[in-house]
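Reader: I am new to this structure. Please take me through its labels, with the reasons behind them.

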Amino acid sequence: MFAIVRTGGKQYRVAAGDKIAVEKLSGEAGDKISLGDVLLAGDGDKAQDVNGLTVSAEIIAQERGEKVIVFKKRRRHNYRRKQGHRQSLTLLRILAVGKEEKKAAAPKAEKVEAAATAAPAKEAAPKKAAAPKKAAAPKKA
């Protein structure tokens, strides 16, 4: 199964086991991340629905790309500018292409139920009315 994901303003065709270099992403080597912006997915020549589809990846390393020289020159004006640039990159190993797992949603539902049972006990206590504020006395000149 393959997927086309968008990250860093670029699109990449990925499958499980691929290694790609993308624009810098936050994280350390060994961290697991998920790329959620899936544009297209398929298996062979058949396209699949991308709703809820994510691509899980592992960060291999944070590094910098090759140096690019930016050289500007205007003829007959004695104008020359030379500047170098190295782009920060993140190397990723694609682990899996598949649906999001809903394991994290179950504990949240339990917390909501526990909060709902505890809420009536808090409502039983009467609330104090706020004391009215006194008007400030006018200053004498």
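Reader: Why is Arg-6 called partly exposed?

Author: Its relative accessible area is 40%. Buried means under 20%, exposed over 50%, and partly exposed lies in between (1.4 Å probe, protein chains only). So Arg-6 counts as partly exposed. This is a predicted model: local features need pLDDT of at least 70, side-chain atom pairs count only at pLDDT 80 or more, and totals for chains, interfaces and linings use all residues. Residues are numbered from 1 along each chain as its sequence is written, and side-chain values use heavy atoms, leaving out hydrogens and water.

Reader: What makes Arg-6 and Asp-37 a salt bridge?

Author: Their closest N and O atoms are 2.9 Å apart. A salt bridge needs a side-chain nitrogen of Lys or Arg within 4 Å of a carboxyl oxygen of Asp or Glu. The pair therefore qualifies. Asp-37 is partly exposed, at 33%.

Reader: Why does Glu-58 count as buried or exposed?

Author: Glu-58 has 18% relative accessibility, so it counts as buried. Lys-32, at 59%, is exposed.

Reader: How do you know that Glu-58 pairs with Lys-32?

Author: The closest N and O atoms are 3.9 Å apart, and they form a salt bridge. Glu-58 lies in strand E7 (residues 53-64) and Lys-32 in strand E4, so parts 26 residues apart in sequence are tied together. Strands are DSSP runs of at least two residues, numbered from the N terminus.

Reader: Which residues are joined into one network?

Author: Arg-93 also meets Glu-58 in a salt bridge, at 3.2 Å, N to O. Shared partners join Lys-32, Glu-58 and Arg-93.

How values were computed. Helix = DSSP H or I, 4+ residues; strand = E, 2+ residues; numbered from the N terminus.
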